[in-house]
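Walk through this model with the structure open beside the text. Follow each element as it comes up.

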Amino acid sequence: MELFEAIRNRRSVRRFSDRPVEDEKLQALLEAVRMSPSWANMQCWRFVVVRDVRTRETISELSYVESFFAPKGYKVNPSKKGLAEAPVVIVACADPSQSGVIWDQQYYLTDTGIASQTLMLAAHGLGLGTVFVGVFDDPKLRGLLNIPPGIRIVGLFPVGYPLDETKKEGPPRKPMSEIVFSEKWG
Ligand SMILES: Cc1cc2nc3c(=O)[nH]c(=O)nc-3n(C[C@H](O)[C@H](O)[C@H](O)COP(=O)(O)O)c2cc1C
């Protein structure tokens, strides 16, 4: 798949078929993620790959934080179902001690954000679907997956074959004039 086509056509996928994800595809996905750039090439990211159905169901239950979704009118995380039905959930974590902090910039978030975009584009390139799920019950999730105190959980990625193959438009993007300035801010 051509790079610009992949960037343009990638969409968040929130419902999945029960078709298993081939091990080779999962490996290819993780290999792509491994090539992402990072602070001083320290690669602070760590990934927990969850296949166990019980664990995925519990992760799905933990994807809800009432105070975050209530203002948007959501009763549940829009990806709740997908986290249980995708055959694989990748939990993206980071070790902040393996990245930089300068003037309050927490580069572990940047590093793992970049790796997350690699993950989403690589999944799309492999014919798989995924979505960045950034809302979850952190304390319960780290308990479930034995994630040590110093490690941050950055995002959850259900990975599988999309339930609905029809191309979706996706939510609109802001116009260029609103997000790009020339020479100076504003
Ligand atoms: C940091 C971050 C957190 C997100 N958290 C959630 C989430 O908890 N649940 C969900 O369904 N989508 C979540 N999304 C997906 C966005 O809603 C989605 O990317 C956006 O609406 C644009 O749609 P598109 O990905 O199809 O282009 C998240 C995306 C990002 C980058």
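The paragraphs below go from the sheet to the helices, then to two loop and helix residues, and end at the ligand.

Keep in mind that this is a predicted model. Begin with the sheet. It is open and built from 3 strands, in the order β1-β2-β5. The pairing is antiparallel. β1 (45–50) and β5 stand at the edges, and each has a single partner strand, so one side of each lacks a neighbour in the sheet. From one strand to the next, the twist averages 20°. Helix α3 (residues 53–61) packs on this sheet and touches β1, β2 and β5. The direction of α3 makes about 115° with that of β1.

Now look at the pairing itself. Strand β2 (residues 88–94) is joined to β5 by 7 bridges, and the two run antiparallel. Three positions show the register. I90 has F157 of β5 as its bridge partner. V91 is bridged to L156 in β5. C93 stands opposite I153 in β5. Towards β1, 6 bridges do the joining, and β1 and β2 also run antiparallel. There, V48 stands opposite V91 of β2. V91 thus appears in both pairings, with V48 and with L156.

How much of β2 is buried? The count is 7 of its 7 residues, and the strand is mostly covered. In a regular strand, side chains alternate between the two faces of the sheet. Take the faces of β2 in turn. V88, I90, A92 and A94 lie on one side, and these are buried. V89, V91 and C93 lie on the other, and these are buried as well. Both faces are therefore covered. Strand β5 (residues 152–159) has 6 of its 8 residues buried, so it is largely enclosed by the rest of the structure. β5 is nevertheless an edge strand of the sheet, with a single partner.

Next, find helix α5. L83 sits in this helix. Is L83 buried or exposed? It has 26 C-beta neighbours inside 10 Å, so it counts as buried; the cut-off is 20 or more. Beyond its neighbours within four places in sequence, L83 is in contact with R56, I59, S60, S63, V89, V133, L156 and P158. Among these, P158 is 75 residues away in sequence, yet the C-alpha atoms are 5.2 Å apart.

Step back to the loop between α4 (66–69) and α5 (80–85), which holds N77. With 22 C-beta neighbours inside 10 Å, N77 is buried, because that count passes the cut-off of 20 or more. N77 and V133 are 56 residues apart in sequence. In space, their C-alpha atoms are 8.6 Å apart.

Two other helices also meet. The axes of α2 (residues 23–34) and α6 (residues 107–125) come within 8 Å and cross at roughly 145°. The crossing is right-handed. From α2, the contact uses L29, A32 and V33. From α6, it uses A115, T118, L119, A122 and A123. What is the make-up of this contact? Its residues divide into 7 nonpolar, 1 polar and no charged.

Finish at the ligand. It is surrounded by 13 residues. The closest are S12, P78, S79, G134 and V135. The shell divides into 6 nonpolar, 5 polar and 2 charged residues. Charged residues are present in this shell, whereas the contact of α2 with α6 has none.

Note on methods:
Residues numbered from 1 in each chain as written. Predicted model: local features only at pLDDT ≥ 70, side-chain atom pairs only at ≥ 80, totals over all residues. Axes fitted to C-alpha atoms, helices over the stretch in contact; angles between N-to-C directions. Helix = DSSP H or I, 4+ residues; strand = E, 2+ residues; numbered from the N terminus. Left-handed = near helix turned anticlockwise from the far one by under 90°. Contact = placed C-beta atoms within 7 Å. Nonpolar A, V, L, I, M, F, W, Y, C, P; charged D, E, K, R; others polar. Buried ≥ 20, exposed ≤ 12 C-beta atoms within 10 Å, placed from the backbone. Pairing = 2+ DSSP bridges. Near = placed C-beta within 6 Å.
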